[in-house]
Amino acid sequence: MSARIVVGQGSCGLAAGAGAVYTALEEKLNPSVDASLSITGCIGICYLEPIVDVYDEEGKLYRCVQVKESDADVIVDAV
């Protein structure tokens with residue numbers, strides 16, 4: 001099982017910049033990183049958007065909040 005990166009893209013997430021965060025993550029991922037990138041709807045904590053959930057190979061959740069495009073390197077490196 002590979003790692004998964006999931007970006008919340010409900011209306012509040014998109015308003016807070018989740019689309020740009022997703023694009024930045026997509027650009028940083030490369031074939032050597034064993035991770036998939038996907039989107040989900042509202043995570044339910046609007047004031048902390050953009051939210052990026054990272055699930056490791058064992059399924060453990062790591063939640064990143066108030067993510068900026070510049071955080072993409074750190075997130076991908078952590079995976």
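**Close-up views of a predicted 79-residue chain**

Buried residues (under 20% relative accessible area, with exposed meaning over 50% and partly exposed in between, using a 1.4 Å probe and protein chains only) account for 38% of the 79 residues in the protein chain. A quick word before the views: this is a predicted model, in which local features need pLDDT of at least 70 and side-chain atom pairs count only at pLDDT 80 or more, while totals for chains, interfaces and linings use all residues. Residues are numbered from 1 along each chain as its sequence is written, and side-chain values use heavy atoms, with hydrogens and water left out.

**View 1. Here is the whole protein chain, with three helices and four strands.** Helices (H or I, at least four residues) and strands (E, at least two) are DSSP runs, numbered from the N terminus. Follow the sequence along and you get the pattern β-α-α-β-β-β-α. The radius of gyration, taken over C-alpha atoms, is 11 Å, close to the 12 Å from the globule rule (2.2 Å times the number of residues to the power 0.38), so the protein chain is as compact as a globular protein of that length. Its C-alpha atoms fill a box of roughly 30 × 25 × 15 Å along the principal axes. Contact means heavy atoms within 4.5 Å; among contacts between residues at least 6 apart in sequence, 62% join residues at least 24 apart.

**View 2. Now for the outside of the protein chain, with an accessible surface of about 4,500 Å².** Carbon and sulfur atoms own 50% of that surface; the areas come from the Shrake-Rupley method with a 1.4 Å probe, and for residues only the protein chains shown count as cover. As for charge, there are 5 positive and 12 negative side chains, and the centres of the two sets lie 6 Å apart. Lys and Arg count as positive, Asp and Glu as negative, and His and the chain ends are not counted. Each charge is placed at NZ of Lys, CZ of Arg, CG of Asp or CD of Glu.

**View 3. This one goes inside, to the largest nonpolar core and its 18 residues.** A nonpolar core is a set of buried Ala, Val, Leu, Ile, Met, Phe, Trp, Tyr and Cys residues joined through side-chain atoms within 4.5 Å. The members that touch the most others are Ile 5, Val 7, Leu 25, Leu 29, Leu 37, Val 52 and Ile 75. Strand S1 (3–8), helix H2 (18–28), strand S2 (35–40), strand S3 (52–55) and helix H3 (72–78) each give two or more residues, and H2 gives the most, with five. In soluble globular proteins, nonpolar side chains tend to be buried together.

**View 4. Zoom in on Val 52 and Leu 29, two of the core residues that touch the most other members.** Leaving aside neighbours within four places in sequence, Val 52 is in contact with Ile 5, Val 6, Val 7, Val 21, Leu 25, Tyr 62, Arg 63, Cys 64, Val 67 and Ile 75. Leu 29 sits in the loop between H2 and S2, and counts as buried at 19% relative accessibility. Under that same sequence cut-off, Leu 29 touches Ile 5, Ala 35, Leu 37 and Val 76.

**View 5. Next comes Pro 50, in the loop between S2 and S3.** A cis peptide bond joins Glu 49 and Pro 50, with omega about -10°. Gly 19, in helix H2, is 31 residues from Pro 50 in sequence and 8.9 Å from it in space, C-alpha to C-alpha. Gly 19 is partly exposed, with a relative accessible area of 27%. Beyond four places in sequence, Gly 19 is in contact with Gln 9 and Leu 14.

**View 6. Last up is Gln 66, which has a positive phi of about 50° although it is not a glycine.** Look for Gln 66 in the loop between strand S4 (61–64) and H3. With a relative accessible area of 42%, Gln 66 is partly exposed. Not counting residues up to four places away in sequence, Gln 66 touches Tyr 47, Leu 48, Glu 49, Pro 50 and Asp 71.
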